[in-house]
Structure formats: C-alpha cells, structure tokens
Amino acid sequence: MSFAFGADADTSAATDSGIDADSAAAGAAHPDAAEMCRMVEAFARRELGDVPDPFDPAEFRRRWLLAGGQGLLGSVVPTAYGGSGLDAVTAAAVLEALGYGSPDTGFAFSLAAHLFAAVMPVVEFGTERQKRRWLPALCSGERIAAHAITEPEAGSDTLALRTRAVRDGDRYVLDGAKAFTTNAPVADVFVVQAATAAGGGFFGLTAFVVEAGTPGLTVGPAYDKVGLRGSPTADVRLDGCVVPASQVLGAEGAGASVFAGSMKWERTCLFAAYLGAMRRVLETTVAHVKEREQFGVPIGGFQAVSHRVVDMTLALESARLLLHKAARDLARGSEDEVAPALAKLAVSEAAVRIGLDAVQLRGALGVLAGGDAETLLRDALPARIFSGTNEIQKNNIARALGLGGNRRAGGRR
C-alpha cells in the first residue's frame, strides 16, 4: 500500500500542538514530506498513545494492520510491490514523526526492524517471484517479518555463525539456534542467516526466507526486557528445518552481503525514531523547567539547569544532522560505511544522555515508572547494543580511517 493520505489522517492535532514537522522533513526529497510527518504524528498519538505492558499479541496485530494501512510498513519499498517508494531521507523523517507522536518506541523499533532488516533484503536481493510472493503482504501489515541472525555465541562476530544449512538436492536443511530475534513471537516470515560453508566467513553465509509454521522452526517465549517493551523479542530454534532452494535470498554465499545491506538501512533510518522520542522529551523537559519553581524562581533560570538543557539540544540536533547525512548518502546509493556508523553512534549515545538529563531535571518525578523521561532512558539503553554495539561502530569507523587491525567486525545484537 502506498503512503496513505486518507480522510482519517487527522493532522489538526499536530498543527495545533505547535510542533514543527518541517524540521523532521528538512532535506527530504518528497514534496509532501512535511505533510506526511504531520499525518504520522497524528496517527501515532491517536493509535499508539500508550506502551502495552504486559505485551499483548492481539493488540500488537491491531496496531500493525493500522500502521500498514498508513503506508509505514513499506515506506521504502517500490510501489510495484505494495510500498510507498519513499527515499531514505523521507523515510527517516517519517520514522522521526512516529517516534515523536508515540511514547511506544518499542512498536516503532519493531516496525523499523521488520522493514529495514527483513523486508529490504527481499527488495534488494530477492527474485521477482520472491518479491511478488512476500512483499505486498509485508507492506500491508497482513504479515510480520523478523531477521534471525544473532546467536548465543555469535553476537558482534556475525561471520562466525553456528547455525548450519546443508544442501540436499533442491532443498536445504537448517539446524541451529538464534537469540534476540526482534518480532519472533509474532512473525510470519523469517529472514534466517546460516553457514553454508565450514567456518562461515564472508562468503560462507547464506540468507533464507523461512515461513512461520515450517516444521523444525520453533519460537521461544518473549523476553521480559527493561526497555522497548512494546517490541516482542525471542529465541528461534531450527531443528532439521527443511527450506526449498527457491527460498534462498540472493544466492548461496551472499548472506553477508544481504546482512550488510540491511544494516546500512537499519543503522540509518531505524534510529530516526529515537530522534522523535528525544525531541518529544526535550520539549516536555523545557516546559517542566519553566514551570517548576524552587527558591521562588523557575529552575530553568539556574545556569546549571539551563546549560544542561542546552547540552540536550546540542546532542539532539547534532545526531539529527549525522543521521540525515547518512540518509542522503543512502538515497544516492553511496557505499560509505562511516556515515551510518556515525549516525547510529551519535543517536544512541544522545538518547541515553538526554534520557539521563531529563530524569535528573525532573528530580523525584523522573524516577516514577511510566514517565516520559524514564521511558526514554529505558528504551535508549538497548540502542547502544543492537544493530552492532557502539564499540563495533567505532571499530568500523577506525578501520575506514585506516586505523586498527583487520579483524572482522559489524554485528547485530
């Protein structure tokens, strides 16, 4: 489904709130980018206004179908396959609007992981038959996708997978265990990475599209996480799981390239949702320090407080600039690995810092469960780990600068 400008896209609340959708859409190529952002902000407030706790699969599905109806689940998928055909910069702006409009960053994370880590590999590496078979339902919300790569003994070292795929005629038999698989408890389709050569290595990995319900594929119970509680995550086991050779993504041995492509999208566009969450919390923090009085004056008048707010603003705006640069490079087809690594590094560190500062400036109110500041902080903590730890990002950047050794790097957790 293409991006929906339907009658139910009430943008009045976004306009009345005084938010500046143009800031999120700055630099986007699409002429309607700012209007899209206003629409998504309104949708997020209307339909995603709370964080489900405990996780409710039925409610998740309801929201998922609504997000599909808005065009969010296939924003960067070509229109020929049911997507909206947006460029990376516009997609990042839309994800920021989603993060701004709803405190449920977990849902935004699941949506982005589905799109960038699982759907885009089908777009970029799938055959025409594979695209026609899976993409329309993944864009509409009828189906949910998950990318299963991380393993108990292979987190950052993604080229050392122990899950094996053995060719048997016109099929493969998969055996192994995956961990920390986003969307696994609700997924209908899995992009599974497995070693098809002894020892794995860059040319020893292969990606497969495996449908839920395939004999031998089982999903464990959902994790109870500190943050991103609106995003279901679980282990996946493959025990003699038979997959037709027609469901290989790309070609045998192309799994590392499939993974690298998905990470370029994820490290760039997924983190835009955190920009929206930070912007929302920064706005409520400014309002709080203007209203909260101590010693007869608003605390925003104290230099220690005002300077902290300035530092929060600097962190947010700097992270946004780096992310949009990475998005522009991605839209142009750049192969640069530094820009997405810098964007991921800057946004995730800024999210943790702004969360900590927002809690501190609220005092005792900041540690009450359910507040926007402590919710941001909890949701920000995993951001320094998934899509490759921040230490891995620094390794990647250093290597691109000609520094450090030649160790393999680039995992996803």
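**View 1. Phe60 and Trp64 in helix α4 of the predicted model.** F60 and W64 both belong to helix α4, which spans residues 57-69. The two residues stand four positions apart in this helix, a spacing of about one turn. Both F60 and W64 are buried.

**View 2. Aromatic pairs and a ring cluster.** The predicted structure contains 11 aromatic pairs. One of them is formed by F60 and W64, whose rings are stacked, with 5.3 Å from centre to centre and 25 degrees between the planes. The pair counts as stacked because the angle between its planes is under 30 degrees. Ring pairs also join F60 and W64 with F55 and F107, so that these four residues are linked into a cluster.

**View 3. A nonpolar patch on the surface.** The residues F295, V297 and F302 make a nonpolar surface patch of about 320 Å². Among them, V297 is located in strand β10, which covers residues 297-298. The relative accessible area of V297 is 35%, and V297 is therefore partly exposed, as this value falls between the limits of 20% and 50%.

**View 4. Two buried cysteines in a structure with zero disulfides.** A disulfide is a covalent bond that connects the sulfur atoms of two cysteines. In this predicted model, the number of disulfides is zero. C37 has a relative accessibility of 0% and therefore counts as buried. C269 is likewise buried, because its relative accessible area is 0%. For both cysteines, the value lies under the 20% limit that defines a buried residue.

Terms used: Residues are numbered from 1 along each chain as its sequence is written. This is a predicted model: local features need pLDDT of at least 70, side-chain atom pairs count only at pLDDT 80 or more; totals for chains, interfaces and linings use all residues. Side-chain values use heavy atoms; hydrogens and water are left out. Rings of Phe, Tyr and Trp (its six-membered ring) pair if their centres lie within 6.5 Å; planes under 30 degrees apart count as stacked, over 60 as edge-to-face and the rest as tilted. Buried means under 20% relative accessible area, exposed over 50%, partly exposed in between (1.4 Å probe, protein chains only). Patches are made of residues with over 30% relative accessible area and no salt bridge: like charges are joined within 9 Å, nonpolar side chains (Val, Leu, Ile, Met, Phe, Trp, Tyr) within 5 Å. Accessible areas come from the Shrake-Rupley method with a 1.4 Å probe; for residues, only the protein chains shown count as cover. A salt bridge is a side-chain nitrogen of Lys or Arg within 4 Å of a carboxyl oxygen of Asp or Glu. A disulfide is a pair of cysteine sulfur atoms within 2.5 Å.
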